[in-house]
Every structure is written in structure tokens, then in C-alpha cells.
Amino acid sequence: MTTQHITLTVNGEARDADVEPRLLLVHLLRDVFGLTGTHIGCDTSNCGACTIHVNGQSAKSCTMLAVQADGAEVRTIEGMVAGTELHPLQQAFWDQHGLQCGFCTPGMIMQAAWLLDQNPQPSEAEIRAGISGNLCRCTGYVNIVKAIQQAAGELQASASAPAAAGEAVAAEA
Amino acid sequence: MIPAPFDYVRPGELEDALKILSEREGDAKILSGGYSLLPLMKLRLAQPALLVDLRDITGLDAIVETDDDLRIGAKATHRRIHENETIARYPLLHDVSGGIGDPQVRNWGTIGGSVAHADPASDWPAALLAANARIVCRGQNGERIVEARDFFLDTFTTAIEPTEILTEIRFWRRPRGQGGAYTKLERRVGDFATAGVAAIIRLGDGGSIGFAGIGVTGVSDSPFAATDAEAALAGQRPSDDVFRAAGEAAAGMSRPVSDIRGPVDYKRAMVAELTVRSLRKAVERALAYS
């Protein structure tokens, strides 16, 4: 089995690796690049803990090969923070107690970020449908939904006040 | 879970992909979104020696209406289909594409991948059967068009040859007076259908049913057209009694197995009920498009 050379951008940084075709993208991120914020939960594309963005689309990285991401722009939970400032979604999960054990949180935040990118003002039903591919075994969905609602409000407010500080991050999300 | 080792190529042209398939006949599998194939490879239920990734082949994802057809390229994702303006006028396809898996799956999973994979509980095959869709299979010597009703042969088994690539699905263009719907039962979001029923109804002169197509998934070795239900509907005026008779006929043709999703009798009862619900919606939509 020959390895293949791949190059990709991870959280804005150019990366490359020699990989076996069977290497899963989540293993590339965690084991090769050391980005362990992306979690492996069910490993069967059910739970969404491994959710990341590939070319702006949310994806379950346990169900994608590293070679499929050759040339792609990848964003993980590590790419959400701007310097020391938490992304509004990260801050909202903190404020609203949107996590208990925290295992689902990175995937939940990445999926929520994609959702808000598609639909900046989702209803509660739209939020619940939007995170329907992400499971929280602590069943903390009520506070997760509240956190996403808080972040949606803040991202909207900052989008309409572009002069304020830190909004480049929000606009990029 | 790690798949067994395999080789991987990503040709830029369809012709190159077809050449590789011929050279490696029976050894190679086509990779599209990967959301059906990779889980099976991780479980080692599938162990292809070579994956041919269609990612870089352009022109396989168009959604266009011609004089007769609605044509959907094999690489169109469920999400793109669901959000497409033309598909908004095809309620059956709109229903199906919005309910497959979860948002992440719909971002990457493709119609061609689902159809070629032919999971016995997947959603698209039921719609293709109900709508009498045609499936375009491309080989090195040209195209072959296979009727959906001749395509799904058995569990994970279709009429496509190992040297062919599924390039397009062709539905008939929607005429006035036609409506469709898809209803499925799932234990939770993202699970495969316990049972799912796709219906297309075209109302003829005087409001009677001119054409009825019923596709059923989840309750047999492969999705099937419920021809007994179609016969019970043809020429009848739409009513709940007629829908119930069709539901019973569809249930009678089902061959479910008892498993974690429920016992045989329950699944049959669900097929009957889902048939009624899909028919009610399909007729409502047919009337709204007269």
C-alpha cells in the first residue's frame, strides 16, 4: 500500500503529510497534527463529535478519508478562538452552561457555527434540526440551544456594527 | 475502526475513471460523498482494493429540466437537491432530500452514491421506483439507461456493471395535476428508515387517479415498487378507503424481518399507515398543482 502526499490548510495554516489512503481525516487531525480538540465518539457517523468544516461545509471527520481533504480548507475547534478571545459560540456555551461533560462540545460548536453561517437567525426548531446530527449523552440540549441562540444574537449584533473590535472573527464564522 | 488497506486514485476526467474501472474490474469501488461506503469499509463489510474518487470530475452535479425530464447529476448532494429552486416544484424529491441522515450527511452524501449503494433501507430508491425514474449508467462504450424498476436487484446489488459509473438520474418532468410525497418512520433522526413510502399520484379527467406510483423501502431485501397498491389506486377517485386498500396491498407485498426496529407485524402495519399518509399528501399536492 503506497502512501500519498497531501497538502491542506488547517485553521489557516498550510499543512502536509504522507498518509495511507485508509487514514481517516479525524486521525490525521488528532494523531498526525496533534489537534485533539476534534473528538471521536461513536466512530460510525452517528454522534457528530468529530464535526469539522471542510471547504466551509460541516462534515463528520470520522467518515471522510484524509486523502479526500487533499487541497481542502479545514477548520477545527482549535481554529475558532481569535488569539485569547473565545468565539461568540464558545463564550455562549460557557455562559449558558451548554456543556456538562464536554465531550460533544467541539462538534456541537462546529455544527452550530456552520448552521449560523447558513442561517444567521434560526428559530429554536431550526437550531434543533441543525444539530440533529450531533448527540449529547448528558442530554443537555436545552442549554445548548440557548447557547446557540445567544451566539446568534451576538453575531448578528456585531455584523450590524462592523466598527466594533473582534468582529472579523464573527464574520468569518 | 480502520478500513482494510486499499489504493486510492482521483482521476480528473470521467473517461479516465472508466478506464481504471475496466482495468481493475471487480476490484474497484467508486467513492462519491463516502457517507454510505466508508461506514461499511470501517466495519470491513466492504473491502475494495481500489477506491476511485469522483471528487475532481466536474459536470456530474447539474440539476436541469429538459422538455421531458428532470435530470439530476449523480454528484448532486442531498442538500443541494433539497435547496434547489427547480426541486421546490417536485415535492417527492424535496421531501426525500430533506430527510436523509442529518445535516452533515446531506452536505456530502450524493444521490448517485445512495442509488448505486442500494441500501435496502435507503430513501432515494423508493422515490425513484415510485416516479419510474431512469438511471444513466456510463461505460467506456457509451451510456445505458436502466429503468428504476429494473435497477434494484437485491441488498446492495443493482443492475450497474462493475465497469460502469452512474452519472445521472432522470425523472419525468412534472405535469399539471401530479403530486408526490415521501413519509418515513425512523427511530430517531439519522437512523435508516424502519419503513418508508414514496407516492406519486397524477389525477386524470374528472378527478380520478390516472397514474399511481408507490415505492417502499426498509421492509424487504431491496426497495420495491408496490404494484398491487398501484393497481388498487388506478382509475379510482381518491378517498381514504381507497388509500387504505392501497396501504394494505403495499403491506402485503412487504417482506420485513423482525429486528431492533420492530417485529414483522408492526412493520407491515407501518407500511400500510405510511402509504395512506403519503397518498393523502400526494393528492393534496396534485390538486394544488392542477
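**Exercise 1.** Which residues are buried in helix H4 (residues 91-99) of chain B?

*Solution.* The model is predicted.
Step 1. Apply the cut-off for buried, which is under 20% relative accessible area.
Step 2. Read along H4 of chain B: Pro91(B), Leu92(B) and Leu93(B) are buried, and Asp95(B), Val96(B) and Ser97(B) are buried too.
Step 3. Continue past the helix. Gly101(B), just after H4(B), has a positive phi of about 55°.

**Exercise 2.** Describe how domain 1 and domain 2 of chain A meet.

*Solution.*
Step 1. Set the bounds: domain 1 of chain A covers 1-80 and domain 2 covers 84-173. Over C-alpha atoms, their centres are separated by 22 Å.
Step 2. List the contacting residues. Domain 1 of chain A brings 19 residues, and domain 2 of chain A brings 17 residues.
Step 3. Take the area. About 1500 Å² is buried between the two domains of chain A, with 58% coming from carbon and sulfur atoms. On the domain 1 side, Arg75(A), Ile77(A) and Met80(A) supply 37% of the buried area, more than any other three residues.
Step 4. Count the polar links. Between these domains there are 0 salt bridges, but 8 residue pairs are in polar contact.
Step 5. Place the domain 1 side on the secondary structure. Strand S3 (51-54) and strand S4 (57-60) of chain A each give at least two residues to the side that touches domain 2. By class, that side has 6 nonpolar, 11 polar and 2 charged residues.

**Exercise 3.** Describe the interface of chain B and chain A, and work out which helix or strand gives the most residues to the side of chain B that touches chain A.

*Solution.*
Step 1. Count residues: 29 from chain B and 34 from chain A take part in the contact.
Step 2. Take the area. The two chains bury about 2600 Å² between them, and 53% of this lies on carbon and sulfur atoms. Tyr8(B), Gln104(B) and Trp108(B) lose the most area in chain B, together 22% of what that side buries.
Step 3. Count the polar links. The chains share 3 salt bridges and 19 residue pairs in polar contact. A salt bridge joins the side chains of Asp70(A) and Arg10(B), at 3.0 Å from N to O.
Step 4. Compare the elements of chain B. Strand S1 (7-9), helix H2 (37-42), strand S3 (50-53) and helix H5 (103-108) each supply at least two residues to the side touching chain A. H5(B) gives the most, with 4 residues.
Step 5. Sort by class: the side of chain B that touches chain A has 15 nonpolar, 5 polar and 9 charged residues.

Notes: Residues are numbered from 1 along each chain as its sequence is written. Chains are lettered from A and ligands numbered from 1 in the order in which they are written. This is a predicted model: local features need pLDDT of at least 70, side-chain atom pairs count only at pLDDT 80 or more; totals for chains, interfaces and linings use all residues. Side-chain values use heavy atoms; hydrogens and water are left out. Domain bounds come from an automatic or database domain assignment. Contact means heavy atoms within 4.5 Å. Buried area is the accessible area (1.4 Å probe) that two parts lose on being put together, summed over both. A salt bridge is a side-chain nitrogen of Lys or Arg within 4 Å of a carboxyl oxygen of Asp or Glu. A polar contact is a pair of N or O atoms within 3.5 Å; within protein, one must be able to donate a hydrogen and the other to accept it, and residues adjacent in sequence count only if both atoms are side-chain atoms. Ala, Val, Leu, Ile, Met, Phe, Trp, Tyr, Cys and Pro count as nonpolar, Asp, Glu, Lys and Arg as charged, and the others, Gly among them, as polar. Buried means under 20% relative accessible area, exposed over 50%, partly exposed in between (1.4 Å probe, protein chains only).
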